[in-house]
Amino acid sequence: MNCAAAELRIMFSPGNVQLVQDEEMVPSRRVLVTGATGLLGRAICREFQANGWSVVGTGFRRARPRFLRCDLTDEDAVRGLLQEYKPEVIVHCAAERRPDVVERHTEAAVNLNVHATGTLAKEAVACGAFFLYISTDYVFDGRNPPYGEDDCPNPLNVYGRSKLEGERETLRHCPGAVVLRVPVLFGEVESVTESAVTTLWLKVQQATEESCTVDHCDQRFPTDARDVATVCRKLSERARQDPSIRGVFHFSAKEQMTKYEMSVAIAQAFNLPSSHLIPLTEQPADAAVRPVNCQLNCSRLELLNLSVETRPFTSAIADCLWPFTPDKRWRQTVFH
């Protein structure tokens, strides 16, 4: 059902958020997505909007027209934003997700991954919104997979610890919230370097140059952000009707691959050579330590019929990377 409401645009100056209204018909269900300029955030915005929700997304450094520019570490700005907009659902994607960056800039990362999360969780309760926090498989040490929702976390790096603390802040301030743990993501990237999966395209394309090494140590479960977005919408819609939908959930694709195996699969998808790719079986000494295998058991989501069937990695990654091929007509010849 639609109702007469106001579409929200943003005008901003440093330190605050100012909303400007344009009168027009918009859907009555309102969702606020943090980190909406990122890979997962964009997918979530599209998914909710395509299913009849009124969507407002926030960003900071990459904020653009039709997104709200808001510093989530500014408690007053967050409080003012939620009091003004009054969302029914908040999906919190914003995070510093790069483990090596978190190791070097720990204080800034903790402010965003932990403290800002706590602020959002508290304000979600104050405005009566359902709160969904995006977390990571890196809360586990990778030594004894697969990991269920109730298994004891033991993160190996600062990034994993910060996301675990974000989970705890979420559930401490907002007991009715959902924590959704997901693995490494790929999807409709704006540049191939936006995802740890799609950035492998750069190494695949080095076939005419010298050989290059690719990690063949850590087992990953590359997952399409578009599938995660669908799960977020389904969780949010069910939770609005059923308050028992709370606590920790896992979602992951099923295919287990190292980055080397992903690279070879990408090369095969585009009929490119892969002989220049050299598997590296030891973790680099100068990088944040990564867990070897954080396979997630997703049975809780599946038992509630809230999961989705994922596409095979090769077809999904080809769909995401074809715009970056030298000949854009490639997609027409492969998919038709």
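Helices and strands here are DSSP runs, with at least four residues for a helix (H or I) and at least two for a strand (E), numbered from the N terminus. By that scheme, Pro146 falls in the loop between β7 (130-136) and α5 (158-173). Keep in mind that this is a predicted model.

**Backbone oddities**

Let's start with the backbone. Most residues other than glycine have a negative phi, and most peptide bonds are trans. The loop holding Pro146 departs from that habit: Pro145 and Pro146 are linked by a cis peptide bond, with omega at about 0°.

Then there are two residues with positive phi, neither of them a glycine. Here they are side by side:

| Residue | Phi | Loop |
|---|---|---|
| Lys86 | near 55° | between α2 (75-85) and β6 (89-92) |
| Asn271 | about 55° | between α8 (259-269) and β13 (277-280) |

Is Asn271 buried or exposed? Asn271 has 67% relative accessibility, and the cut-off for exposed is over 50%, so Asn271 counts as exposed.

**Two acidic side chains in helices**

Next up, a pair of acids. Glu47 sits in helix α1 (residues 39-50). Its relative accessible area is 15%, and because buried means under 20%, Glu47 gets that label. What does the side chain of Glu47 pair with through a polar contact? The partner is the side chain of Arg233, at 2.5 Å. Setting aside neighbours within four places in sequence, Glu47 is in contact with Ala229, Thr230 and Arg233.

Asp227 belongs to helix α7 (residues 225-241). Which side chain of opposite charge is nearest to Asp227? That would be Arg226, 6.5 Å away. A salt bridge needs a side-chain nitrogen of Lys or Arg within 4 Å of a carboxyl oxygen, so Asp227 has none, although it is buried. Beyond the neighbours within four places in sequence, Asp227 is in contact with Phe251, Val308, Glu309, Thr310 and Arg311.

**A buried glycine in a strand**

Last stop: Gly57, in strand β4 (residues 54-59). With a relative accessible area of 2%, Gly57 is buried. How far apart are Gly57 and Val33? In sequence they are separated by 24 residues, yet C-alpha to C-alpha the gap is 4.6 Å. Val33 also turns up among the residues that Gly57 touches, along with Ala36, Cys45, Phe67 and Leu68, once residues up to four places away in sequence are left out.

How values were computed:
Residues are numbered from 1 along each chain as its sequence is written. This is a predicted model: local features need pLDDT of at least 70, side-chain atom pairs count only at pLDDT 80 or more; totals for chains, interfaces and linings use all residues. Side-chain values use heavy atoms; hydrogens and water are left out. Buried means under 20% relative accessible area, exposed over 50%, partly exposed in between (1.4 Å probe, protein chains only). Lys and Arg count as positive and Asp and Glu as negative; His and the chain ends are not counted. Contact means heavy atoms within 4.5 Å. A polar contact is a pair of N or O atoms within 3.5 Å; within protein, one must be able to donate a hydrogen and the other to accept it, and residues adjacent in sequence count only if both atoms are side-chain atoms.
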